[in-house]
Amino acid sequence: MKGFKKPEFYLYYGDIAQIKGNWNDASKYFEQAYSYPGVNEMVSAEAFMRYGEMLYRKGEVKDSLGYFEEANSVSKKSHHRKTEARSLNDIGLVAEMFGNISLAEKKYTDAIQIQKNISDWAGIVTSLNNLGSVFDSQGDLKAALEKYKESLKICEDIGDRAGIATSSHNIGTIYEEEKNYFLSLQNLFKSLALNTQMEVKSEETLNYIFGIRKSLGLAKFKELAEQAHNNLSENLKPFLDLKEITKDTTIKHEIPQVGRNDPCPCGSGKKYKKCHGQI
């Protein structure tokens, strides 16, 4: 790949190793990228951020924070605004995980401001969904719904199907909390159908759908499910198996014993659905 320098190759090698689950190799490559003599600051910031995100995915959340902060510092110096905003988002995720909600909200909001200034629409979508999650965890369902809908509108404008699926799922969860089961199913069905169309698994969305079925009882669930299915666009209807969801048999899909809006028994302080209720 002509024109690429060694630190950039290390970034790509790190990504490949991470995809394969070779964490040690990924760590080595990312470290080589940010520590390479004379490395470009933009590449260095990316390497710090990817290293941190790898640690976060491994569950080493506390250790990831230092890398996110380093990525933020370097990206500021190099005026790489997109990476700066992404690192702010990552710092916000760590803050939210440890219960520092006010800091998480500030980091997400700061990220959105930068992303709007540079028209980073995909980044805005991520930040809005994260911010919606913060409001949801505080019980401010109105504010959460507003952020999720704002995210959905952007996704629809830019044609981001994966983003539409995510935002629709999040909107559905808010309506489920408000016990507006028809609107909840309408959005959850849209998310499920889109993901099925893209061949993406949707276990969490299915958990919500079957949770609503359990709450309503089969007869009422069938009625609302049919209405919600009818409201799907024609191109999505073939990707939602309504008969499978409404069949009159014992539900084999596992439904959490802890209420999805109850505090998670792990002690994180989060609602179960935002913590170990996620599949």
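Helices are DSSP runs of H or I with at least four residues, numbered from the N terminus. The exercises below concern a predicted model.

**Exercise 1.** Determine where Thr166 lies and whether Thr166 is buried, partly exposed or exposed.

*Solution.* Step one is to place the residue: Thr166 belongs to helix 9, which covers residues 161-177. Step two is to consider its accessibility. The relative accessible area of Thr166 is 40%, and partly exposed lies between the limits of 20% and 50%. Thr166 is therefore partly exposed. A further step concerns distance: the C-alpha atom of Thr166 is separated by 9.0 Å from that of Asn195, a residue 29 residues apart from Thr166 along the chain.

**Exercise 2.** Describe how helix 7 and helix 8 are arranged relative to each other.

*Solution.* Helix 7 spans residues 121-137 and helix 8 spans residues 141-158. Their axes are 8 Å apart and form an angle of about 165 degrees. Angles over 145 degrees count as roughly antiparallel, so the two helices are roughly antiparallel to each other. Their crossing is left-handed. Residues of helix 7 that make the contact include Trp121, Ile124 and Phe135, while those of helix 8 include Leu141, Tyr148 and Ile158. Sorted by class, the contact comprises 13 nonpolar, 4 polar and 3 charged residues.

**Exercise 3.** State whether Asn130 is buried or exposed, and identify the residues in contact with Asn130 beyond its neighbours within four places in sequence.

*Solution.* Asn130 is part of helix 7. Its relative accessibility is 16%, and the cut-off for buried is under 20%, so Asn130 counts as buried. With neighbours within four places in sequence set aside, Asn130 is in contact with Asn89, Leu93, Glu96 and Tyr108.

Methods: Residues numbered from 1 in each chain as written. Predicted model: local features only at pLDDT ≥ 70, side-chain atom pairs only at ≥ 80, totals over all residues. Heavy atoms only, no water. Axes fitted to C-alpha atoms, helices over the stretch in contact; angles between N-to-C directions. Parallel < 35°, antiparallel > 145°, perpendicular 65-115°, else oblique. Left-handed = near helix turned anticlockwise from the far one by under 90°. Contact = heavy atoms within 4.5 Å. Nonpolar A, V, L, I, M, F, W, Y, C, P; charged D, E, K, R; others polar. Buried < 20%, exposed > 50% of the residue type's maximum accessible area, 1.4 Å probe, protein only.
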